[in-house]
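Student: Can you take me through how the helices pack against each other here? Pick one pair, go through it closely, then link it to the rest of the chain.

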Amino acid sequence: MTLPRWVRYYGDAVVVPVALVLVYVTFSLTSNAKGTAQVLAAAFMFIALAMWLGFRRLRVHAAAARYAGIGEPEPLLALADEELARRWLTAGTMSLQIYRAMAFNQLGRPEDALQALKASGVTPGKRKSRNWQLLWGAADIEARTRLGDAAAARATLERAVKPFTMLLPGRGIELIAAECEARVLLAEGDAAGAKALVAPHLKDIRLGPGARAQLYAILAACEAKLGDDAAAAAAKAKALELAPQCAVLS
């Protein structure tokens, strides 16, 4: 059963923090706490609030990653929009705009994705946005290659993605970087090079169906450019089977 929107909107973002404050205030008043005891109670209250808010943020990121990984762009967009409506300050909206861009790309709306990425405020190389640089770059490359702008996609690959992979090398990061480079190579006309990059990752069990669908979509486009229509049709069918809610590449 789906909870009413106002319950989801106010339940954990407002009701729980208010309840925590009331619990600690009631405890302080009924225990006749004085001096140091009141200070300690207040300190523990703020620690509990901080932990709860941190838990909420982690839960939002986990849900967003899940929706993106399984190829459910509409719930991902709804989640990001709902969280944006809750934020009174611009702090913390960077990741939500990137999630919106990822959803727009999966829905086949690259222009909207670029608008969301612009609103995120990410600047490659800047310290304050370093944590989100890789996902920003991946979403930017996908949007620009969908629009056929190979030069801009190549620039993002060189400015945002490759420096990040050298800074924090890791298997998961390498997978994202390989997909990004494959998209750029395909847009530049190097279908064979793009195919060589994505082919080893098609059976990777760490990838969700949405992520694998995008790899199969890239493979389909590569096969079509290489003249193997049967292989292209099979790859595209696999992409649609894995993520029917996503707009795969043509």
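Tutor: α3 and α4 lie roughly antiparallel to each other, because their axes cross at roughly 155° and anything over 145 degrees gets that label (under 35 is roughly parallel, 65 to 115 roughly perpendicular, the rest oblique). This is a predicted model, so local features need pLDDT of at least 70 and side-chain atom pairs count only at pLDDT 80 or more, while totals for chains, interfaces and linings use all residues. Residues are numbered from 1 along each chain as its sequence is written, and side-chain values use heavy atoms, with hydrogens and water left out.

Back to the pair. α3 covers residues 73-86, α4 covers 93-106, and their axes come within 8 Å. Those axes are lines fitted to C-alpha atoms, for helices over the stretch in contact, with angles running from 0 to 180 degrees between N-to-C directions. The crossing of α3 over α4 is left-handed, meaning the near helix is turned anticlockwise from the far one by less than a right angle (clockwise would be right-handed).

Who touches whom? From α3 you get Pro73, Leu76, Leu77, Ala80, Asp81, Glu83 and Leu84; they meet Thr93, Leu96, Gln97, Tyr99, Arg100, Met102, Ala103, Phe104 and Gln106 of α4. Contact here is heavy atoms within 4.5 Å. By type, the contact of α3 with α4 has 10 nonpolar, 3 polar and 3 charged residues. In that sorting, Ala, Val, Leu, Ile, Met, Phe, Trp, Tyr, Cys and Pro are nonpolar, Asp, Glu, Lys and Arg are charged, and the others, Gly among them, are polar.

Now the wider chain: 11 helices and 0 strands, counted as DSSP runs from the N terminus (H or I, at least four residues, for helices; E, at least two, for strands). Of its 250 residues, 42% are buried, that is, under 20% relative accessible area with a 1.4 Å probe, protein chains only (over 50% is exposed, in between is partly exposed). Take contacts between residues at least 6 apart in sequence: 60% of them join residues at least 24 apart.

Further along, there's another pair to set beside yours. α10 and α11 (residues 229-242) have axes that come within 8 Å and cross at roughly 165°, and they are therefore roughly antiparallel too. α10 passes α11 in a left-handed crossing. On the α10 side sit Pro209, Arg212, Ala213, Tyr216, Ala217, Leu219, Ala220, Glu223 and Ala224, and on the α11 side Ala231, Ala232, Ala235, Lys236, Lys238, Ala239 and Leu242. That contact of α10 with α11 splits into 12 nonpolar, no polar and 4 charged residues.

Glu223 deserves a stop. This α10 residue is buried, with a relative accessible area of 8%. Not counting residues up to four places away in sequence, Glu223 touches Lys195, Asp228, Ala231 and Ala232. Glu223 and Ala234 are 11 residues apart in sequence, with their C-alpha atoms 9.8 Å apart.

Just ahead of α10 (209-225), the loop from α9 (191-198) holds Asp204. Asp204 is buried as well, at 13% relative accessible area. Leaving aside neighbours within four places in sequence, Asp204 is in contact with Leu175 and Arg212, and Arg212 is also one of the α10 residues in the contact with α11.
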